[in-house]
Amino acid sequence: MFAYLLRRLFFFIPIVFGVMLLTFVLFFVVQSPDATARRVLGQKATPKSVENWLHNRGYDKPLLINHTPGKPWHDSLFIHQMGRLATFDLGTSDVSGRPLREVFAQGVLPSLLLTLPAFLLSIALGVGLALYLVFIRNAVVDLAASLFCVALMSVPVMVYVIFGQFVVAQVLNYFPAFGFELSGWSTPKFLLLPVVLMVVSGLGADVRLFRALFLEEMGQDYIRTARAKGVSTVQVLMRHVLKNGLINLITLVVASLPFLIMGSLLLENFFGIPGLGNVLFTAIQAPDFAVVQASVFLGSLLYLGGLLLTDVCYAWADPRIRLQ
Amino acid sequence: MLSLRNLRIDFGTGPDRVQAVKGINLSLGAGETLALVGESGSGKSVTGMALTRLLPEPPAVYAEGQILFEGEDVLKMSPAQLRKLRGGKIAYVFQEPSTSLNPVFTIRNQIAEAIDLHRSDVSDVDAEVVHCLDLVGIVDPAKRMHDYPHQLSGGMQQRVMIAMALACRPQLLVADEPTTALDVTVQAQILDQMRELKQRLKMAMLLITHNFGIIGGIADRVAVMFRGDIVEEGTTQEVLQNPQHAYTKALIGCIPQLGQRRKRLATIDHSTLG
């Protein structure tokens with residue numbers, strides 16, 4: 001088990017390196033450091049100030065490999081940045097100059113306040129409703145619910161956002177449609193609508209998926225055995241179906257955990273929540289390569305961590321699986 | 001103890017309806033063993049499952065008849081009564097032990113589940129589980145009971161299934177192709193074990209099988225099912241030695257004999273059976 005984890009952690013290195021290389025190339029193909037500097041400094045920037053700006057950030061070095069005679073080949077922008085990231089030094093923002101460690105630390109809490117409740121509610125509601133639909137399967141309600149789920153899935157997220165903001169904030173004038181405040185009761189007031197929208201927009205797909213998973217379990221031989229023992233339908237669902245279905249659920253659920261930290265690009269932007277999703281969105285528009293690079297770095301580490309966690313949870317839930 | 005009266009079971013309704021069991025009569029006394037023999041699709045498993053209404057409804061429909069167990073009609077029982085009947089009075093052993101045991105629970109938990117449901121008299125559940133596993137010949141049961149099904153061989157898994165079925169001292173054991181998924185030497189061991197336990201625990205047994213070869217030493221009576229009907233019924237000896245119905249003759253003819261000269265194995269020609 002320990003050896004397995006160590007081996008998997010070792011594989012993180014080439015994968016993250018590849019991701020970073022790809023991000024680097026894509027970003028500097030789209031826009032040269034020179035162009036970024038001019039955009040950040042404005043139209044009236046002197047060649048001298050542009051040069052200074054580039055030099056301060058190391059952007060005046062060759063991009064990937066240094067071919068200049070007399071200089072070591074590894075004296076390049078990309079390799080310097082990789083060396084920095086390898087020590088988990090995220091650097092500073094290209095635009096504001098603020099240390100990124102600080103920027104990210106500030107964004108994590110608002111992101112989690114939005115995504116964590118939405119995530120927990122989605123799972124609880126999705127699993128609960130799916131179990132209920134399996135319990136009453138083939139009834140009219142089951143069919144109606146399936147249709148309703150398809151309807152929920154078919155509506156684009158944007159429609160939910162606009163509709164929600166209009167009805168709740170404009171018509172009912174119940175709570176604010178935009179903004180964020182990290183103090184006492186005003187925080188849940190700002191978060192309620194985006195959380196509800198996040199849950200509703202994903203619910204249809206979740207319920208249908210979970211229902212299919214559980215129905216498949218219901219057809220297994222060991223469910224027949226349980227029923228032949230005299231186990232009630234509710235107990236069959238709660239013990240036998242749920243524990244077996246859980247193994248399939250884990251892949252979906254645990255792998256999505258890291259994304260909770262990175263926040264929601266769309267909802268944070270539309271509701272003015274200063275989370276990590278918003279930070280990344282602004283950085284892509286700026287453009288602020290340092291922020292994008294650090295986000296991708298953290299994001300890929302979190303993603304790989306999520307996959308590893310999935311494997312560990314698999315082994316925990318299913319006695320047939322051993323990590324070697 | 002058990003009697004089926006004109007039992008008819010359909011699958012589906014309307015024009016797509018299929019009659020799986022076409023009004024059969026059958027009875028089984030306490031302690032008696034009846035073999036229900038027939039090929040795939042003859043309705044024998046459906047009949048076995050119907051005894052405690054295990055068939056999923058829909059699509060199954062109990063169209064006609066009665067299933068009387070100790071004078072009470074199973075088809076009129078409430079869900080709570082049915083749960084008491086299942087496992088408590090009528091227990092099952094199914095064909096494929098590797099898929100019939102839940103992979104994510106230890107065998108202790110699966111046997112204990114049955115004990116918890118039906119035997120309020122048992123205070124030490126672990127001791128009772130050990131006793132049940134010991135009964136079916138599992139070596140070192142106190143240690144083995146913490147195993148998961150995948151850690152056991154097929155024969156051991158089937159023994160666990162039998163232990164689970166016997167845990168609540170049922171009056172009737174329905175064994176639906178209990179040895180079909182096992183290899184021949186293990187088949188013989190399991191059948192011996194079942195014969196011995198049946199006598200020791202004085203329970204009745206309904207042995208559902210397609211294989212005339214295995215019923216000889218174990219069944220008192222045989223009923224032959226063909227296309228949802230019982231076509232022949234009698235003591236095991238009568239039926240094996242002097243089969244009346246053409247289908248029974250054909251089915252017995254399919255058993256390969258040891259020491260026989262090499263020739264084509266017999267098959268059943270359905271066109272001649274009408």
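## A tour of the sheet in chain B and its contact with chain A

Begin in this predicted model by selecting Asp176(B), whose bridge partner in β8(B) is Ile208(B). Widen the selection to the two strands around this pair, and you will have strand β7 (residues 172-176) of chain B beside strand β8 (residues 204-209) of chain B, which pair in the parallel sense over five bridges.

Next, select helix α7 (residues 154-166) of chain B, which packs on the sheet and touches β6 and β7 of chain B, while its direction makes about 175 degrees with that of β6(B).

Now bring in the whole sheet, where six strands of chain B follow one another in the order β6-β7-β8-β3-β9-β10, forming an open sheet with mixed pairing. At its edges you will find β6 (90-93) and β10 (229-235) of chain B, each of which pairs on one side only. As you step across the sheet, the twist averages 15 degrees from one strand to the next.

From there, turn to the contact between the chains, where 22 residues of chain B are in contact with 19 residues of chain A. On the chain B side, select α2 (79-85), α3 (97-100) and α4 (107-118), the elements that each give two or more residues to it; the largest share, four residues, comes from α4(B). Coloured by type, the residues on this side of chain B divide into 10 nonpolar, seven polar and five charged.

Finally, colour chain A by pLDDT, for which the mean is 84, with 99% of the residues of chain A reaching 70 or more. Among the elements of chain A, helix α2 (residues 33-41) has the lowest mean pLDDT, 76, and helix α9 (residues 221-228) the highest, 92.

Conventions
Residues numbered from 1 in each chain as written. Chains lettered and ligands numbered in written order. Predicted model: local features only at pLDDT ≥ 70, side-chain atom pairs only at ≥ 80, totals over all residues. pLDDT = per-residue confidence, 0-100. Pairing = 2+ DSSP bridges. Axes fitted to C-alpha atoms, helices over the stretch in contact; angles between N-to-C directions. Contact = placed C-beta atoms within 7 Å. Nonpolar A, V, L, I, M, F, W, Y, C, P; charged D, E, K, R; others polar.
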